[in-house]
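Here's a quick briefing to read with the model open beside you. Have a look at the fold, then work through the notes by topic.

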Amino acid sequence: MAANSRPIDARGWLFEVLDATVTGTETWLPIAGLTSFTHNPGENEETAETTAFDSEGYYEQDVMQRGATLEIEGLYRIDPTTKAQDAGQAYVDNVWAYRLGIDSNNKVRWRHKSQTDWVVWDSTMTPGEQGGETNDKTSWSATITRSGKPTTAPVAGGQTLAGKTAGKSGGDA
C-alpha cells in the first residue's frame, strides 16, 4: 500500500463555520484566505496514572479525557467591491468572538477535498492576532478547541472536490 500512496496537498483542506444566527436551515460559511493550519489531537488530554506494585517497575496509565485543537492562520480577506470581510472570517471575528458561557460553543467542520466526510466539532474559539508590517498583507488567525466528542457528516451527494466545482457552501463544498 505504501508504494501506491501519495501525500496530499495542505492547500486542499477546507474549513467552515456554522452560522448560528440563521434559523431554519444550516448555513455553513467557508473560511477563506487560510495559509496554514495545525490540528493537535492531543491538546487537553488528561491521563490517570495506574502504576501499581504489580506493574513490575513499569509506568502505566489510562487516558481519562481526550481533547483537540485546530489552529487556522491566513490573510484577512475582503471583497474588493463591497469592502466586506470574508463571511467566514467575519462570523468568527464579529459574532463568535463575543459569545460567552453556553453561547460560546459553535460548530465547525473540516475535511480534505479528497474526502467524502466532514469532521464536525462543537467547539469554542479564541481569536488570534492580526497584523502586518509595511509591505505585508494583514494576517488573520483563530484557535478552535473541540468541546465534546467529534462527529462526521457526509459531503452533500458524497462527492469530493476532485473534478467538481469548488467554492460552494451549505454542504456542497
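Let's start with one residue and its neighbourhood: leaving out anything up to four places away in sequence, N106 touches V17, L18, A20, Y91, W96, R99, W121, D122 and S123. Keep in mind that this is a predicted model. From N106 the notes move to the helix, then to a loop tyrosine, the empty spaces and the overall picture.

**N106 and its surroundings**

- You'll find N106 in strand 7.
- Is N106 buried or exposed? Its relative accessible area is just 3%, under the 20% cut-off, so N106 counts as buried.
- The N106 side chain has a polar partner on the backbone, reaching the oxygen of L18 at 2.8 Å.
- It also has a side-chain partner: N106 and Y91 make a polar contact at 2.7 Å. Both L18 and Y91 are on the list of residues that N106 touches.
- Y91 is one of the buried residues of helix 1, which takes us to that helix.

**Helix 1**

- Helix 1 covers residues 87-94, and six of those eight residues are buried, leaving the helix mostly covered.
- Which residues of helix 1 are the buried ones? They are G88, Q89, A90, Y91, V92 and D93.
- These buried residues pack against quite a list of strands: strand 1 (13-18), strand 2 (28-30), strand 6 (69-75), strand 7 (106-112), strand 8 (117-127) and strand 9 (139-146).
- The N-terminal end of the helix is capped by D86, with a side-chain oxygen 3.2 Å from the backbone nitrogen of G88.
- Q89, which lies in helix 1, has 0% relative accessibility and therefore counts as buried.
- What does Q89 touch, not counting residues up to four places away in sequence? Its contacts are I31, A32, G33, L75, Y76, R77 and W140.

**Y76, in the loop before the helix**

- Y76 sits in the loop that runs between strand 6 and helix 1.
- With a relative accessible area of 34%, Y76 is partly exposed, whereas Q89, one of its contacts, is buried.
- Setting aside neighbours within four places in sequence, Y76 is in contact with Q85, Q89, D93, Q130, T138, S139 and W140.
- With Q85 there is also a polar contact, joining the two side chains at 3.5 Å.
- Y76 and G131 are 55 residues apart in sequence, yet their C-alpha atoms are 9.2 Å apart in space.

**The cavity**

- How many cavities of 30 Å³ or more are there? The count comes to one, and the volume of the largest cavity is about 40 Å³.
- Its lining is made up of F15, E16, I31, L70, I72, V108, R109, W110 and I144.
- Strand 1, strand 6 and strand 7 each supply at least two of the lining residues. Strand 7 has the largest share, with three.
- By class, seven residues of the cavity lining are nonpolar, none are polar and two are charged.

**The second largest pocket**

- This pocket holds about 210 Å³ of space.
- Around it are A10, R11, W13, F15, I31, A32, G33, L34, T35, S36, F37 and R77. F15 and I31 also appear in the lining of the largest cavity.
- I31, A32, G33 and R77 are also among the residues that Q89 touches.
- Strand 1 and strand 3 (34-40) each give at least two residues to the pocket lining, and strand 3 gives the most, with four.
- The lining residues divide into seven nonpolar, three polar and two charged.

**The overall picture, and how far to trust it**

- The protein has one helix and ten strands, running β-β-β-β-β-β-α-β-β-β-β from the N terminus on.
- Of its 173 residues, 29% are buried.
- Looking at contacts between residues at least 6 apart in sequence, 61% join residues at least 24 apart.
- Mean pLDDT for the protein is 91, with 89% of residues reaching 70 or more. Over residues 162-173, though, pLDDT is below 50; that stretch has 21 contacts in the model beyond near neighbours in sequence.

Conventions:
Residues are numbered from 1 along each chain as its sequence is written. This is a predicted model: local features need pLDDT of at least 70, side-chain atom pairs count only at pLDDT 80 or more; totals for chains, interfaces and linings use all residues. Side-chain values use heavy atoms; hydrogens and water are left out. Buried means under 20% relative accessible area, exposed over 50%, partly exposed in between (1.4 Å probe, protein chains only). Contact means heavy atoms within 4.5 Å. A polar contact is a pair of N or O atoms within 3.5 Å; within protein, one must be able to donate a hydrogen and the other to accept it, and residues adjacent in sequence count only if both atoms are side-chain atoms. On a 1 Å grid over the protein atoms alone, a cavity is a set of points where a 1.4 Å probe fits but cannot get out, and a pocket is an open set with protein on both sides within 12 Å along at least five of seven lines; lining residues have an atom within 4 Å of a point. Grid points are joined across faces, edges and corners, and a volume is the space filled by probe spheres set on the points. Ala, Val, Leu, Ile, Met, Phe, Trp, Tyr, Cys and Pro count as nonpolar, Asp, Glu, Lys and Arg as charged, and the others, Gly among them, as polar. pLDDT is the predictor's confidence in each residue, from 0 to 100.
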